[in-house]
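Reader: I should like a close look at one enclosed part of this model, taken slowly and with its surroundings kept in view. Please connect what you find there to the rest of the fold.

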Amino acid sequence: MKKFRLDILFLAIAVICFGIYGVISYNNARLAKNADEVRTRIQETYSPVEAATDMPAYVSPYQSIFDSNKDCIAWLNIPDTNIDYPVMQTPDDEEYYLYRNFFGEDDKNGTLFMDTDCSLVQERNNLIIHGHHMKSGAMFGSLEKYADADFGRAHSKIYLYTQDEVRAYEVLSVFQARVYKGKTDKFRYYAYFSFDTQEKFDVYYNNIKKMSLYDTNVTAAYGDEIITLSTCAYHTKNGRFAVVGKRVE
């Protein structure tokens with residue numbers, strides 16, 4: 001009788017675990033589908049501009065998307081990955097798109113957004129782009145694949161399409177970190193928005209290279225433009241995972 005009761009208990013636990021797994025899998029699939037549907041809706045506004053003799057040298061392929069939402073300042077693409085999304089920036093409310101999609105609708109996926117302290121036009125800058133680490137793989141859900149050196153080297157190019165140009169970046173560093181609350185002497189990669197002095201750049205650069213999970217065989221120097229893709233990570237409290245790139249010609 002005792003063995004029978006244990007068998008029933010184990011069976012009940014297995015059914016509950018299977019049910020929880022099913023719910024989580026369903027929610028992840030639903031969120032991934034939602035992200036794909038939003039991207040499709042965005043791309044429906046996309047209408048490529050044909051070159052004409054009186055046009056400037058560069059015409060953004062995403063211009064119609066920029067025109068449809070003035071909060072959209074760029075489009076981020078990493079070839080051969082699912083990271084292919086608009087990037088928003090809202091100076092009056094940095095986290096406006098944290099749980100809203102491109103159309104301003106409530107959406108747990110949110111939308112990629114750039115830190116309000118960052119500037120596309122400032123020299124020697126660091127463009128910090130935030131995105132949710134969705135278990136479905138949406139947004140920056142696949143960013144942690146860069147923890148694998150082979151994956152990182154095979155996907156070393158990051159492209160940022162702005163209204164004025166296409167910017168290419170090469171992966172410089174990949175690391176785990178955390179967000180610190182209050183005053184601290186700990187290195188905070190997310191607090192560096194520009195490098196107005198050599199000393200400031202050196203502190204930043206030496207830290208991100210030391211923290212890197214592997215040698216990317218890419219170096220940077222004072223004056224380079226940096227891009228940082230940042231998402232949540234769960235190796236520690238307030239954990240973060242970051243991929244840093246250096247702009248290249």
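Which element gives the most to the lining of the largest cavity?

Author: The model is a predicted one, and within it the element that gives the most to the lining of the largest cavity is α1, with four residues. That helix spans 2–43, and both α1 and β2 supply at least two residues each of the lining. The full list of lining residues reads Ala 35, Val 38, Arg 39, Ile 42, Tyr 85, Pro 86, Asn 101, Phe 102, Gly 110, Thr 111 and Met 139. By class, seven of them are nonpolar, three are polar and one is charged. The volume enclosed comes to about 70 Å³, and the count of cavities of 30 Å³ or more is one.

The other named contributor, β2, deserves some attention in its own right. Strand β2 covers residues 84–88, and because five of its five residues are buried, it is largely enclosed by the rest of the structure. One of the cavity's lining residues, Pro 86, also has a place in the pairing of this strand, since it is the residue of β2 that stands opposite Trp 75. The partner on that side is strand β1, residues 72–77, which runs antiparallel to β2 and is joined to it by five bridges. Between β1 and β2 lie six residues, and the two strands form a hairpin. In the loop between them sits Asp 80, which has a positive phi of about 65° although it is not a glycine. With a relative accessible area of 74%, over the 50% cut-off, Asp 80 is exposed, whereas the five residues of β2 are buried.

β2 also pairs with strand β3, residues 112–114, and here the sense is parallel, over two bridges. In that pairing Met 88 stands opposite Phe 113 in β3. Phe 113 carries the description over to the open space of the model, for Phe 113 is one of the residues that lie nearest the centre of the largest pocket, together with Glu 95, His 130, Val 179 and Arg 240. The pocket has 20 lining residues and holds about 440 Å³ of space, set beside about 70 Å³ for the largest cavity. Its lining divides into nine nonpolar, seven polar and four charged residues. The largest share of that lining, three residues, comes from strand β7, residues 226–233, while for the cavity the leading element is α1.

Beyond β3 the chain passes through a loop that leads to β4, 126–130, and Arg 124 has its place in that loop. Like Asp 80, with its positive phi of about 65°, Arg 124 is not a glycine and yet has a positive phi, in this case of about 50°. Its relative accessibility is 30%, so Arg 124 counts as partly exposed.

Two further residues help to place other parts of the chain. Arg 153 is found in helix α3, residues 149–154, and at 43% relative accessibility it counts as partly exposed. Leaving aside neighbours within four places in sequence, Arg 153 is in contact with Tyr 214, Asp 215 and Asn 217. From Arg 153 to Val 171 the distance is 8.0 Å, C-alpha to C-alpha, with their positions 18 residues apart in sequence. Val 248, in strand β8, residues 239–248, is partly exposed at 21% relative accessibility. With neighbours within four places again left aside, the residues in contact with Val 248 are Ala 168, Tyr 169 and Glu 170. Lys 157 is 91 residues away from Val 248 in sequence and 9.5 Å away in space, C-alpha to C-alpha.

As for the whole in which the cavity sits, the protein has four helices and eight strands, and along the sequence they follow the pattern α-α-β-β-β-β-α-β-β-α-β-β. Of its 249 residues, 44% count as buried. Among contacts with a separation of 6 or more, 62% are between residues 24 or more positions apart. The accessible surface comes to about 13800 Å², with 52% of that belonging to carbon and sulfur atoms.

To return to the question, then, α1 is the element that gives the most to the lining of the largest cavity, with four residues.

Conventions: Residues are numbered from 1 along each chain as its sequence is written. This is a predicted model: local features need pLDDT of at least 70, side-chain atom pairs count only at pLDDT 80 or more; totals for chains, interfaces and linings use all residues. Side-chain values use heavy atoms; hydrogens and water are left out. On a 1 Å grid over the protein atoms alone, a cavity is a set of points where a 1.4 Å probe fits but cannot get out, and a pocket is an open set with protein on both sides within 12 Å along at least five of seven lines; lining residues have an atom within 4 Å of a point. Grid points are joined across faces, edges and corners, and a volume is the space filled by probe spheres set on the points. Ala, Val, Leu, Ile, Met, Phe, Trp, Tyr, Cys and Pro count as nonpolar, Asp, Glu, Lys and Arg as charged, and the others, Gly among them, as polar. Buried means under 20% relative accessible area, exposed over 50%, partly exposed in between (1.4 Å probe, protein chains only). Two strands pair if DSSP finds at least two bridges between them. Contact means heavy atoms within 4.5 Å. Accessible areas come from the Shrake-Rupley method with a 1.4 Å probe; for residues, only the protein chains shown count as cover.
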